[in-house]
Amino acid sequence: MPVKIRLQRHGKKGKPFYWVVAADSRSKRDGKFLEKLGTYNPNTNPATIELNLDSTVEWLWNGAQPTDTARAILSYKGALLKHHLEGGVRKGALTQEQADEKLTKWQDEKAGKVDAKVSGLSNAKADAKAKAFEAEKKVNEDRIAAAKQAEADIIAAASQEEAAAEGEETAAEASAEENTEETQA
């Protein structure tokens, strides 16, 4: 029976969630499987992967072939490296302690890279939020300044109209006085 390590799709439409399983290659994609090895959630950034390394390496030693996507996930989590190191231990090129040390060193480096990505994403998100806040603040200040300017223009226009109306009244009074002087003369 040819065994494949592959992904089994779960989740709702547009929000996939996968199980990493060891299954008979002749079974359906979401059908019967031999063992669940872990989960893969591509909806998060970075993607969340939980994997049982020991049982995965055991399936690899028994001849299970990972699909392309499953191979990428196994490589990302270090299952293929552990498989390779255990091959060296079985051949006598390494001791088990040396293999474990190399694996933990690699996992620590990988965890550092993932943490750096997470912190970079959170910093980028905070920077974007700060920029949006500053832009919103500027728009509000411009809107307030425009409202004050419009209010000042209305007041200035009203005072000009009052001055013009007073000027017309004084001109009308002056012309009325001139008319009365002419009539008296």
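Mentor: Ala, Val, Leu, Ile, Met, Phe, Trp, Tyr, Cys and Pro count as nonpolar, Asp, Glu, Lys and Arg as charged, and the others, Gly among them, as polar. By class, 7 nonpolar, 2 polar and 2 charged residues make up the lining of the largest pocket. This is a predicted model: local features need pLDDT of at least 70, side-chain atom pairs count only at pLDDT 80 or more, and totals for chains, interfaces and linings use all residues. Residues are numbered from 1 along each chain as its sequence is written, and side-chain values use heavy atoms, with hydrogens and water left out.

Trainee: Which residues line the largest pocket, and what makes them lining residues?

Mentor: The lining consists of A47, T48, I49, L51, L53, Y76, K77, Q107, K110, A111 and V114. They count because each has an atom within 4 Å of a pocket point; a pocket is an open set of points on a 1 Å grid over the protein atoms alone, with protein on both sides within 12 Å along at least five of seven lines. Its volume is about 200 Å³, where volume is the space filled by probe spheres set on points joined across faces, edges and corners.

Trainee: Which elements each supply at least two residues of that lining?

Mentor: They are β4, α2 (68-77) and α4. The largest share, 4 residues, comes from α4. These names go to DSSP runs numbered from the N terminus: helices are H or I of at least four residues, strands E of at least two.

Trainee: What makes a space a cavity, and how many does a search of the whole structure find?

Mentor: In a cavity a 1.4 Å probe fits but cannot get out. The search finds 1 cavity of 30 Å³ or more, and the largest cavity has a volume of about 40 Å³. K82, L85, E86, Q96, A99, D100 and L103 line it. At least two lining residues come from each of α3 (79-91) and α4 (96-184), with α4 giving the most, 4 residues. By class, this lining has 3 nonpolar, 1 polar and 3 charged residues.

Trainee: How do you know which strands pair, and in what order do they form the sheet?

Mentor: Two strands pair if DSSP finds at least two bridges between them. The 5 strands form an open sheet, ordered β4-β3-β2-β1-β5, with mixed pairing. β4 and β5 (65-66) are called edge strands, each pairing on one side only.

Trainee: What makes the pairing mixed?

Mentor: Both senses occur. β1 and β2 are antiparallel over 10 bridges, with L7 bridged to V20 in β2. β1 and β5, however, pair in the parallel sense over 2 bridges, and K4 has Q65 in β5 as its bridge partner. Two bridges is what the definition asks for, so β1 and β5 count as a pair.

Trainee: Where does β3 stand in this pairing?

Mentor: Strand β2 (residues 15-24) pairs with β3 in the antiparallel sense over 5 bridges; V20 is bridged to G38 and Y18 to Y40. β3 and strand β4 (residues 48-51) are also antiparallel, over 4 bridges, and Y40 stands opposite I49 in β4. Helix α1 (residues 53-61) lies across β1 (3-12), β2, β3, β4 and β5, running at about 120 degrees to β3.

Trainee: Why is strand β3 called mostly covered?

Mentor: Of the 7 residues in β3 (residues 35-41), 5 are buried, and buried means under 20% relative accessible area.

Trainee: Why is D153 called partly exposed?

Mentor: Its relative accessible area is 43%. Exposed begins over 50%, so D153 falls in between buried and exposed. D153 lies in helix α4.

Trainee: Which features of the hairpins go against the usual geometry?

Mentor: Most residues other than glycine have a negative phi, and most peptide bonds are trans. β1 and β2 form a hairpin with 2 residues between them, and G14 in the turn has a positive phi of about 85 degrees. The hairpin of β3 and β4 has 6 residues between the strands. P46 lies in that loop, and the peptide bond from N45 to P46 is cis, with omega near 0 degrees.

Note on methods: Buried < 20%, exposed > 50% of the residue type's maximum accessible area, 1.4 Å probe, protein only. Contact = heavy atoms within 4.5 Å. Axes fitted to C-alpha atoms, helices over the stretch in contact; angles between N-to-C directions.
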